[in-house]
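Q: I am new to this protein and would like a close look at a single part of it. Please choose a strand, and tell me how its neighbours fit around it.

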Amino acid sequence: MFPQRLDSPLAYDIAKALMDGFNRHYRLFRTESARAKHRFETADWHGQQRAQRERIEFYDLRVKEASQRLEKEFRAHEQPMEVWQQVKLHYIGLLIDHHQPELAETFFNSVTTKILHRTYFHNDFIFVRPAVSTEYIENDEPAALPTYRAYYPTRETLRDTIARIVDNFRLQRPFEDLQRDAGFVLKAMGGRLAQVKLRANFQIQVLSSLFYRNKGAYVVGKIINGFNEVPFALPILHGKSGGLVIDACLFGEDELQMLFSFARAYFMVDMEVPSAYVQFLRSLMPRKPRAEIYNALGLAKQGKTLFYRDFLHHLKHSSDKFRIAPGIKGMVMLVFDLPSFPYVFKVIKDYYPPQKDTTREQIKGKYLLVKQHDRVGRMADTLEYSEVAFARDRFEDELIEEIRRFAPSQLEIGDRDGDGHEEVVIKHLYIERRMIPLNIYLQEAFDAGAREQIERAVIEYGNAIKDLVAANIFPGDMLWKNFGVTRNGKVVFYDYDEIEYLTDCQFRRVPAPRNEEEELSGEVWWSVGPKDVFPETFGPFLLGNPAVREVFLKHHGDLLQADFWQSHKERIHSGHVYDVFPYEHDKRFMPEKAEL
Ligand SMILES: Nc1ncnc2c1ncn2[C@@H]1O[C@H](COP(=O)(O)OP(=O)(O)OP(=O)(O)O)[C@@H](O)[C@H]1O
């Protein structure tokens with residue numbers, strides 16, 4: 001019920017304190033993102049990766065600060081609900097001309113849900129739905145950059161325009177030869193424009209900030225001609241000569257999706273109006289949920305909020321039931337899904353078989369490691385949720401039994417909100433994109449006799465492991481079932497409980513047997529330290545099938561040699577930062593000029 005009058009001065013002060021807390025958060029977040037430019041210009045790759053990792057922590061720190069302040073200054077949890085309702089209304093008032101209202105609403109939720117009892121988690125007190133529109137927000141400050149710039153080239157001026165687009169970012173490091181690179185881009189774009197008539201509205205729109213990640217900076221925009229729009233991105237890298245180079249020109253929704261994949265680290269982008277960036281990016285990738293776009297921009301809490309809203313909406317408009325996920329069951333994770341929804345839900349089991357010498361805390365630590373690490377397109381991002389409530393009648397009985405048996409500590413069934421309907425509450429879970437488990441994918445290919453499909457998947461699998469190696473990750477358990485195949489046919493790893501940094505592992509060759517007894521033992525007779533890995537022994541687990549074996553040995557035989565792993569480890573130890581291309585090698589203009 002809407003109060004007739006806002007009569008609590010305390011409510012205003014609390015709202016203002018919350019707003020100050022959010023503004024401080026966004027200021028720090030933005031400053032850190034803006035510094036990416038300097039780190040790129042000065043080739044501070046370690047700094048870039050460190051900042052990417054540390055920025056993820058900012059949000060929780062600021063939420064903690066704000067809730068402590070509310071307790072200390074206003075004894076927040078003792079305030080009656082009338083006051084809290086007014087807090088929300090004052091907060092909406094403060095958001096009227098705000099440039100990040102959707103993020104500020106989420107921040108409000110993060111802080112207040114720490115203070116209020118969960119029976120008050122509805123729209124009267126928190127932002128279950130957004131209250132303030134993000135449409136048409138503009139930054140009218142005199143020195144402000146617009147969200148995107150528009151350029152109006154002709155065929156004749158296209159090359160100069162491309163050079164100008166790049167030059168306008170004012171990177172403080174010279175290009176090796178910008179005119180040359182603009183020529184490459186012109187050729188790539190020209191291929192698409194050669195046969196078409198240029199219409200009156202022909203233009204190129206480019207987002208005003210560069211997108212930074214690892215060793216790259218990306219120009220992101222679209223070409224508009226008549227009713228057609230073609231998204232594009234230009235990766236800028238450091239060339240071997242030390243100057244900058246444009247490495248490629250990516251076109252179309254699929255190539256942009258690869259760049260913005262959920263399996264990659266978040267970008268650093270200097271944005272005053274993030275919702276305007278999201279809107280622009282959505283026009284380039286209409287099938288990518290807004291939640292994932294916010295994630296890709298490093299605004300993970302907003303991503304999480306939007307994902308949850310989408311999920312609740314989907315539940316309202318569907319009727320199928322949660323079930324145990326298809327595939328081989330995990331030993332440490334209990335995995336379920338909803339057939340109509342493209343994500344899986346993962347719960348850490350209470351009991352594991354003896355060969356899994358781990359704990360709930362250790363497993364959470366591994367998932368956190370992945371979240372903070374560069375996922376190089378090969379590790380699925382996970383969203384972590386606590387106390388998630390589902391309607392009981394949407395669960396298959398078999399699934400409830402499975403949770404009761406393997407993760408009883410995580411399960412609560414009851415009518416918590418007293419609405420006469422039973423709920424299943426899961427204490428802690430991870431949600432990630434659903435993929436086709438690679439073992440199932442290969443089995444289907446065998447059954448269909450699709451040799452080419454098998455070959456492609458096995459090559460991709462090896463490539464995935466090599467990309468992980470480049471990112472200093474040893475996956476631990478490399479069985480096929482621990483990898484999934486995405487919509488684009490990319491192979492991505494999703495089983496993190498045995499993951500280690502490559503630099504923490506000791507890659508060893510199997511020692512030669514010292515006598516006949518050892519030779520014939522058929523067991524591991526040599527001593528094995530806790531971080532020892534013997535790549536020669538991977539074969540028997542992975543390569544039972546002759547068709548798979550042949551392809552694997554042809555393309556990735558080096559993965560079975562200790563030297564391969566050890567030499568990568570040494571390079572990383574010596575300070576080299578590998579980067580992994582978010583596009584195919586054959587897209588590169590001059591691969592010999594730039595190296596990641
Ligand atoms: N993202 C996903 N998409 C589709 N299926 C998945 C996904 N993640 C997990 N699964 C399914 O759930 C199973 C168990 O998941 P996961 O490998 O994460 O559990 P685990 O307990 O760590 O496994 P392990 O016993 O190998 O350690 C997988 O084999 C697969 O069939």
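A: Let's begin with a word on records: UniProt positions are given here in the numbering used for this chain, and such annotations may be inferred rather than shown by experiment. With that in mind, the UniProt record, an unreviewed entry, annotates residues 15–319 as "domain: Isocitrate dehydrogenase kinase/phosphatase (AceK) regulatory". That span is 50% helix and 12% strand, and its end C-alpha atoms lie 39 Å apart.

What you see is a predicted model. The protein has an average pLDDT of 93, with 99% of the residues scoring at least 70. The model's ipTM and pTM are 0.93 and 0.93.

To find your way, picture the protein in four domains: domain 1 (9–120), domain 2 (148–311), domain 3 (318–434) and domain 4 (438–560). The centres of domain 1 and domain 4, taken over C-alpha atoms, are separated by 44 Å.

Now to our chosen part, strand E4, which covers residues 216–225. Here a residue is called buried if 20 or more other C-beta atoms lie within 10 Å of its own. Eight of the ten residues of E4 are buried, so the strand is largely enclosed by the rest of the structure.

What does the enclosing? Start with the strands that pair with E4. Strand E2 (residues 203–207) runs antiparallel to E4 and is joined to it by four bridges. In this pairing, Gln203 stands opposite Ile224 of E4.

Strand E3 (residues 211–213) also pairs with E4 in the antiparallel sense, over three bridges. Here Tyr212 faces Ala217 of E4 as its opposite number. E3 and E4 make a hairpin with two residues between the strands, where Asn214 takes a positive phi near 50°.

Then comes strand E5 (residues 228–238), which pairs with E4 over nine bridges, again in the antiparallel sense. One bridge links Tyr218 with its partner in E5, Pro235. E4 and E5 form a hairpin too, with two residues between them, and Gly226 in that turn has a positive phi of about 60°.

Helices come next. Helix H7 takes in residues 178–193. Its buried residues are Asp181, Ala182, Val185, Leu186 and Met189. An α-helix has 3.6 residues a turn, so residues three or four places apart point the same way. Keep that in mind as you look along the buried residues of H7, whose cover includes E4 and E5, as well as helix H6 (158–167) and strand E6 (244–246).

You can also check the length of H7. At 1.5 Å a residue, its 16 residues should span 22 Å, and the end C-alpha atoms are 21 Å apart, which agrees.

Another helix to look at is H9 (residues 274–284), where Pro274, Ser275, Ala276, Tyr277, Val278, Leu281 and Leu284 are buried. These residues pack against E4, along with E2 and E5. They also pack against three helices: H5 (101–115), H8 (252–259) and H10 (290–296).

Put together, the picture of E4 has strand partners in E2, E3 and E5. Two helices join them: E4 is part of the cover over the buried residues of H7, and the buried residues of H9 pack against E4.

Key
Residues are numbered from 1 along each chain as its sequence is written. This is a predicted model: local features need pLDDT of at least 70, side-chain atom pairs count only at pLDDT 80 or more; totals for chains, interfaces and linings use all residues. Domain bounds come from an automatic or database domain assignment. A residue is buried if 20 or more other C-beta atoms lie within 10 Å of its own, exposed if 12 or fewer, and partly exposed in between; C-beta atoms are placed from the backbone. Two strands pair if DSSP finds at least two bridges between them. The expected span of a helix is 1.5 Å times one less than its number of residues. Two residues are in contact if their C-beta atoms, placed from the backbone, lie within 7 Å. pLDDT is the predictor's confidence in each residue, from 0 to 100.
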